[in-house]
Amino acid sequence: MTQPTGEAAEGIIAGINYSPYLDNEQNKQFVEAYKEKYGKLPNIFAVEGYDSAAAIDQAINKAGSLNSQDLIKILKGISLDSPRGKITIDPATHNPIQNFYISKNVLKDGAIVPQILETVENVKMPEASPF
């Protein structure tokens, strides 16, 4: 994964919600298919698009309808398995409940790649304050 900062990015520790280097079967298949089609590694925008399409497909199948009100009912609380791990849409905030990964940038084969140090599971956004 090319970094604009090059080797200066080595050693940086960050929280991320996706990496093409996540070690799960679905991600491996997603990365392989993406690389075959586009000739590069997927990024967070690619996997979010994939997840959005999967959620819409699942909602349509579960609702048995294209009616927006039927789909909204299904989408609130929907869960799906993603290349980035399990995702559930929080019915209260409509934000994803998802894993975050603590990663450290390492130099591997001439490129900076995120090495996953720890998984923080089921991270949930707080509800908005009434103030």
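These are my notes on the helices, strands and packing in this structure.

**Entry 1: the model itself**

I started with the confidence, since this is a predicted model. The protein chain has a mean pLDDT of 92, and 94% of its residues reach 70 or more. I then went element by element: helix H1 (residues 25-38) comes out highest with a mean of 98, and helix H3 (residues 68-75) lowest with 93.

**Entry 2: layout**

I counted 3 helices and 5 strands in the protein chain. Going along the sequence, I read the order as β-α-α-α-β-β-β-β. For the extent, I looked up the C-alpha trace, which spans about 50 × 45 × 25 Å along its principal axes.

**Entry 3: H1 on H2**

At what angle do H1 and H2 pack? I found about 110°, with the two axes 12 Å apart. H1 and H2 are therefore roughly perpendicular to each other; the range that counts for this is 65 to 115 degrees. On the H1 side, I listed Gln26, Phe30 and Tyr34 as making the contact, and on the H2 side Ala46, Val47 and Tyr50. Sorted by class, that contact has 5 nonpolar residues, 1 polar and no charged ones.

**Entry 4: H2 on H3**

Next I took the other helix pair, H2 (residues 44-63) with H3. Their axes come within 9 Å and cross at roughly 110°. So I have H2 and H3 down as roughly perpendicular too. The crossing of H2 past H3 is right-handed. Which residues make the contact? From H2 I noted Ala55, Ala59, Ile60, Lys62 and Ala63, and from H3 Asp70, Leu71, Ile74 and Leu75. By class, I get 7 nonpolar, no polar and 2 charged residues for the contact of H2 with H3.

**Entry 5: S2 and S3**

Then I moved on to the strands. Strand S2 (residues 79-82) pairs with strand S3 (residues 85-89) in the antiparallel sense, over 4 bridges. The two form a hairpin, with 2 residues between them. For the register, I noted Ser82 opposite Gly85 in S3.

**Entry 6: S3 and S4**

How many bridges join S3 and S4? I found 2, and the pairing is antiparallel. Here Thr88 stands opposite Ile97 in S4. This hairpin has 6 residues between the strands, and I marked His94 for its positive phi, near 70°.

**Entry 7: S4 and S5**

Last came strand S4 (residues 96-108) with strand S5 (residues 111-123), which pair antiparallel over 10 bridges. I put Val106 opposite Val113 in S5. S4 and S5 make a hairpin with 2 residues between them. In its turn, I marked Asp109 for a positive phi of about 55°.

**Entry 8: where I ended up**

Reading the strand entries together, I have S2 paired with S3, S3 with S4, and S4 with S5, each in the antiparallel sense. On the helix side, H2 packs against H1 and also contacts H3.

Methods
Residues are numbered from 1 along each chain as its sequence is written. This is a predicted model: local features need pLDDT of at least 70, side-chain atom pairs count only at pLDDT 80 or more; totals for chains, interfaces and linings use all residues. Side-chain values use heavy atoms; hydrogens and water are left out. pLDDT is the predictor's confidence in each residue, from 0 to 100. Two strands pair if DSSP finds at least two bridges between them. Axes are lines fitted to C-alpha atoms, for helices over the stretch in contact, and angles run from 0 to 180 degrees between N-to-C directions. Angles under 35 degrees count as roughly parallel, over 145 as roughly antiparallel, 65 to 115 as roughly perpendicular and the rest as oblique. A crossing is left-handed if the near helix is turned anticlockwise from the far one by less than a right angle, and right-handed if clockwise. Contact means heavy atoms within 4.5 Å. Ala, Val, Leu, Ile, Met, Phe, Trp, Tyr, Cys and Pro count as nonpolar, Asp, Glu, Lys and Arg as charged, and the others, Gly among them, as polar.
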